Amino acid sequence: MDVIDLFCNTSTICIGIPNPTRSSCSFRQSTIRCMSSSVLPESVKVDSKQDCGSLTGDSFIRPHLRKLKAYQPILPFEVLSIRLGRKPEDIIKLDANENPYGPPPEVFEALGSMRFPYIYPDPESRRLRAALAEDSGIEAEYILAGCGADELIDLIMRCVLDPGEKIVDCPPTFTMYEFDASVNDAIVIKVPRKSDFSLDVKRIAEVVEQEKPKCIFLTSPNNPDGSIIDDETLQKILNLPILVVLDEAYIEFSGLESRMGWVKKHENLIVLRTFSKRAALAGLRVGYGAFPLSIIEYLWRAKQPYNVSAAAEVAACAALQNPAYLEKVKVALVQERDRLFKLLKEIPFLNPYPSHSNFILCEVKSNIDAKKLKEDLAKMGVMIRHYSNKELAAYVRVSVGRPEHTDVLMECLKRLY
Ligand SMILES: Cc1ncc(COP(=O)(O)O)c(C=O)c1O
C-alpha cells in the first residue's frame, strides 16, 4: 500500500503506511515528517521552520480532552477476583448497583439460539422498540434505544451542545453527566443538592436565568442517595427555558410511574431508562429513552447506526417477555432494601439514608474513615462504593444484594470495628 498525498497549495498531508522510498514523507517510530503547519489545525502548534520529527501524538488530541480526567469505572469481575485472591463467586459485589438475580431464563435461551450473529443488527431496534412501546405505554416513534443509557447521555450532549455551552448538574449525582460534558467541551454549572439531597429549585431557576444553560440533568431516584423528584418540583423545572433530561435508571425500585409519557406534552423533556438494573443486563448494554418527536429526529441522524448489538436487542426483548420474573426480582430487591436499611441503622458508625432505589447511601461517622472501611470490606470479599470527591468522602454506598449478601456484609461490619 502506498502513501496518499493531498496537495493543498504548497502543503502536503501524508496519510498512510510507511514508504521507504519516500523518506520525506514517512511515518517512522511514531514521528511525522513533512507536514506543513499551514494545513494543520491551530491547536497543533508546529513551527513552520521546524522539522515535525519532534511532534508527539497527543498534540493531535483536542485541547480540552488533553485536560480530561478519565472516568473511574469499576473493576471487571475477573480482575477483581485476581486482585482479591478470591473466586468471582466468592465476591459479594455491592458496589455498582447491579441486579444480583440475573436476567430471566428466556434471556439465556434467546442468546444461545441467536441465528444471525454475523449480520449487522437492526439500526432502528424495531423489535425492541415495539416491545418497549407495549411495556411503557408510549408509542415506538417516541423511543430510541442505545448502548446503555450512558450512550444516550453522550448522544444527547453531542446533539445539543456546542463547545463552551453550559449544562446544569446537581451533585451529588451520577457522575457521567459531568464527565460527558467534559468530553463534549461543555461547561458544567453545579447547583448542589440541599443537605437532604433534594433539588435547590430556586437556585436552579436563578442559574437558568443568569447563565442560560442549554440543559439540565436530573436523576430520579438519584444516584447515590436514592431520593426522588416529585411532580411539582419537576413541573417547576420544566417551566424554565431549558432542556430537562430526566434519568430514570432506577425508577422500577421507587414504586412510582415512569414519566416517559410526559415527553408527549413537554417539548423540553427527555426521559432515560435502562435494562441494566431492572432486567439485570448491565453487561449487555441496553438503555432507552423517550423523546419529543421534534428532538428524536436529530438523535436518529447522529447516532451510530449499529449502536444496539444483536445480542443486546435479543436479550432485552427476551427479558420483556417475562414481566412476572422482572416483577418478582424487583419485589425481592425492594424488600431486601428495607431489611438492609434497618440493619445498617443498627451499626453505630453508619447513618443510612432512606432510599427509593436498589442502593443505600450511608454517612460514615467521623471516628471511622470511609475509604478505609471500603478497603477493609474489600479484603473480606465484600465490595461497596466509596467516592473520591471531597463532598462524599465520608460516605459509602451499598447496593442491595440477595439476603445472604446482606447477612455477610453485616457480619463483616460487626467484625471490623
Ligand atoms: C443514574 C444512572 N443513569 C444511568 C446509568 C447507566 O445506565 P446504563 O448501564 O444503561 O448505561 C447508571 C449506572 O449506574 C446510573 O446510575
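**Close-up views of a predicted model**

**View 1. Thr274 and the ligand.** In this predicted model, an oxygen atom of the ligand has a polar side-chain atom of Thr274 at 2.5 Å. The side chain of Tyr250 places an N or O atom 2.7 Å from an oxygen atom of the ligand. For Lys277, the distance from a polar side-chain atom to an oxygen atom of the ligand is 2.9 Å. On its own the ligand has 390 Å² of accessible area, and the protein covers 92% of it. Two or more residues of the shell around the ligand come from each of helix H5 (148-160) and helix H9 (275-278).

**View 2. The shell around the ligand.** The ligand is surrounded by 14 residues, and those that come nearest are Ala149, Asp247, Tyr250, Thr274 and Ser276. What is the make-up of the shell in nonpolar, polar and charged residues? Five residues are nonpolar, five are polar and four are charged. Which element gives the largest share of the shell? That element is H5, with three residues.

**View 3. The sheet of seven strands.** Seven strands make up an open sheet with mixed pairing, in the order E6-E12-E11-E10-E9-E7-E8. Why is one side of strand E6 (143-146) and of strand E8 (187-190) left without a neighbour in the sheet? Both strands stand at the edges and each has a single partner strand, so there is no neighbour on the other side. From one strand to the next, the twist averages 25 degrees.

**View 4. Strands E7 and E9, with helix H10 on the sheet.** The pairing of strand E7 (residues 166-169) with strand E9 (residues 215-219) is parallel and runs over three bridges. One of the residues in these bridges is Asp169, whose partner in E9 is Phe217. Helix H10 (residues 293-302) packs on the sheet and touches E6, strand E10 (243-247) and strand E11 (269-274). The directions of H10 and E6 make an angle of about 35 degrees.

**View 5. Two cis peptide bonds.** Pro171 and Pro172 are joined by a cis peptide bond, with omega near 0 degrees. Pro172 belongs to the loop that runs between E7 and helix H6 (176-183). The peptide bond from Ser220 to Pro221 is also cis, and its omega is about -5 degrees. Where is Pro221 found? Pro221 is in the loop between E9 and helix H8 (231-238).

**View 6. Ser125 in a loop.** Ser125 is a residue other than glycine with a positive phi, near 40 degrees. The loop that holds Ser125 lies between helix H3 (105-112) and helix H4 (126-136).

**View 7. The sheet of five strands.** This open sheet has five strands in the order E5-E15-E16-E14-E13, with mixed pairing. Strand E5 (92-94) and strand E13 (350-352) are its edge strands, and each pairs on one side only. With direction ignored, neighbouring strands are turned by 30 degrees against each other on average. Within the sheet, strand E15 (residues 382-386) and strand E16 (residues 395-399) are antiparallel and pair over two bridges. Which residue of E16 is the bridge partner of His386? The partner of His386 is Val396.

Definitions and conventions
Residues are numbered from 1 along each chain as its sequence is written. This is a predicted model: local features need pLDDT of at least 70, side-chain atom pairs count only at pLDDT 80 or more; totals for chains, interfaces and linings use all residues. Side-chain values use heavy atoms; hydrogens and water are left out. Two strands pair if DSSP finds at least two bridges between them. Helices (H or I, at least four residues) and strands (E, at least two) are DSSP runs, numbered from the N terminus. Axes are lines fitted to C-alpha atoms, for helices over the stretch in contact, and angles run from 0 to 180 degrees between N-to-C directions. Contact means heavy atoms within 4.5 Å. A residue is near a molecule or strand if one of its heavy atoms lies within 4 Å of it. A polar contact is a pair of N or O atoms within 3.5 Å; within protein, one must be able to donate a hydrogen and the other to accept it, and residues adjacent in sequence count only if both atoms are side-chain atoms. Accessible areas come from the Shrake-Rupley method with a 1.4 Å probe; for residues, only the protein chains shown count as cover. Ala, Val, Leu, Ile, Met, Phe, Trp, Tyr, Cys and Pro count as nonpolar, Asp, Glu, Lys and Arg as charged, and the others, Gly among them, as polar.
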